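Got the viewer open? Let's take a walk through this one, one selection at a time.

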Amino acid sequence: MTETREIRRCFCGCGEAVEEMDKWFAAGHDVIASAALRTVEDLRLPLRLVSLGFGPERSVVQMATALLGWVPCPGCTDIGTTATHICAAGAAADDRALATPEPGLQAAREPASPAPAAAMLAKSGPARGRLLPGADDPTWEAVPLHLRQRLRVPAHGLVSPARGMLTARENRPLLSAVRAASRMRMTGAHWIVLLTADRESLGSRSQRAQLLYAVLEQVAAQQAVRAGETTS
């Protein structure tokens, strides 16, 4: 008598069969499901807050501050515990001191900070012909979450593992930027590398590269508007 093994379906709900016994998702679908779950939870959060009596008139953050000792981060606008906080600039709190030194002492220890880099005209890539903010411009931190989430899935596919032109020696900065996009840990320098990268460098026939490029074109249009506002 032949034993019939039950077919396991991908947990993202796509209906695709999963052959390996220790796997729950089809290849790459765990990343898609994770991104979708975060989006759904973000949509549900206001309803959950209202059900518990919180909202604009009764701040859940203020209650956490009063009851749990949450503190504001001096490096950004976030509030939380210093043990788990990750600054909006992308650096972990345990990698740098949250306490700001006295102005006089800081000036004695460190040279004056350079002025922010000026906006630049992109000569190639999704942003070709557009004016982009400098790499250290704070507007890069304001790229909408939904665009960063849409970049994450195709970026993950392009570097897991990396193939083709992305593995070329001269494309190491681009590979690093794509990996940063797959982790949603983008800096201004990463954004500029991606937004000025040629389409062929990402993979001439890759559907993931095409999807990544399309999202980058949206980011380029948005950041070009911001750069124009800051220079006008």
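Start by selecting P161, which sits in the loop between α4 and α5. One thing to keep in mind as you click around: this is a predicted model. Now add S160 and look at the bond between the two: S160 and P161 are joined by a cis peptide bond, with omega at about -5°. Most peptide bonds are trans.

While you're looking at backbone, jump along to M184, in the loop between α5 and α6. M184 isn't a glycine, but its phi is positive, near 55°. For comparison, most residues other than glycine have a negative phi.

**Zoom out for a moment**

Colour the chain by secondary structure. You should find 8 helices and 6 strands. Going along the sequence, the order is β-β-α-α-β-β-α-β-β-α-α-α-α-α. The chain has 232 residues, and 29% of them count as buried. Take the contacts between residues at least 6 apart in sequence: 47% of those join residues at least 24 apart.

**Helix α6**

Next, select residues 188-195, which make up helix α6. How many of the residues of α6 are buried? It's 6 of the 8, so the helix is largely enclosed by the rest of the structure. Show these as sticks: G188, H190, W191, I192, L194 and L195 are the buried ones.

Click on H190 first. Is H190 buried or exposed? Its relative accessibility is 19%, and the cut-off for buried is under 20%, so H190 counts as buried. Leaving out residues up to four places away in sequence, H190 touches S176, A177, A180 and R185.

Move one along to W191. With the sequence neighbours up to four places away set aside again, W191 touches W140, V143, R148, L151, M186, L216 and V219.

Now go to G188 and draw a distance to T139. The two are 49 residues apart in sequence, yet their C-alpha atoms lie 8.6 Å apart in space. T139 belongs to the loop between β6 (131-132) and α4. With a relative accessibility of 15%, T139 counts as buried.

**The nonpolar core**

Keep W191 selected and add V178, L194 and L195. The largest nonpolar core has 32 residues, and these four, V178, W191, L194 and L195, touch the most other members. Among the helices to highlight here are α4 (145-158), α5 (172-182), α6 and α8 (207-231), each of which supplies at least two residues of this core. Which helix gives the most to it? That's α8, with 7 residues.

**Where α5 meets α6**

Hide everything but α5 and α6. Their axes come within 9 Å and cross at roughly 115°. The crossing is left-handed. To see the contact itself, select P173, L174, S176, A177, V178, A180 and A181 in α5, then H190, V193 and L194 in α6: these are the residues that meet. Colour them by class and you get 8 nonpolar, 2 polar and no charged residues.

**Where α1 meets α4**

Now for another pair. Bring up helix α1 (residues 29-51) along with α4: their axes come within 9 Å and cross at roughly 165°. Angles over 145 degrees count as roughly antiparallel, so α1 is roughly antiparallel to α4. This crossing is right-handed.

Pick out V31, I32, R38, T39 and D42 on the α1 side and L145, Q149, R152, V153 and H156 on the α4 side, since these are where the two helices meet. By class, the contact has 4 nonpolar, 3 polar and 3 charged residues.

**Last stop: Q149**

Finish on Q149, in helix α4. Q149 has a relative accessible area of 9%, so it is buried. Which residues does Q149 touch, not counting those up to four places away in sequence? Select R38, T39, D42 and M184 to see them. R38, T39 and D42 are in α1 and belong to the contact with α4 you just looked at. M184 takes you back to the loop between α5 and α6, and to the residue with the positive phi from earlier in the tour.

Conventions. Residues numbered from 1 in each chain as written. Predicted model: local features only at pLDDT ≥ 70, side-chain atom pairs only at ≥ 80, totals over all residues. Heavy atoms only, no water. Helix = DSSP H or I, 4+ residues; strand = E, 2+ residues; numbered from the N terminus. Buried < 20%, exposed > 50% of the residue type's maximum accessible area, 1.4 Å probe, protein only. Contact = heavy atoms within 4.5 Å. Core = buried A, V, L, I, M, F, W, Y, C linked by side-chain atoms within 4.5 Å. Axes fitted to C-alpha atoms, helices over the stretch in contact; angles between N-to-C directions. Left-handed = near helix turned anticlockwise from the far one by under 90°. Nonpolar A, V, L, I, M, F, W, Y, C, P; charged D, E, K, R; others polar. Parallel < 35°, antiparallel > 145°, perpendicular 65-115°, else oblique.
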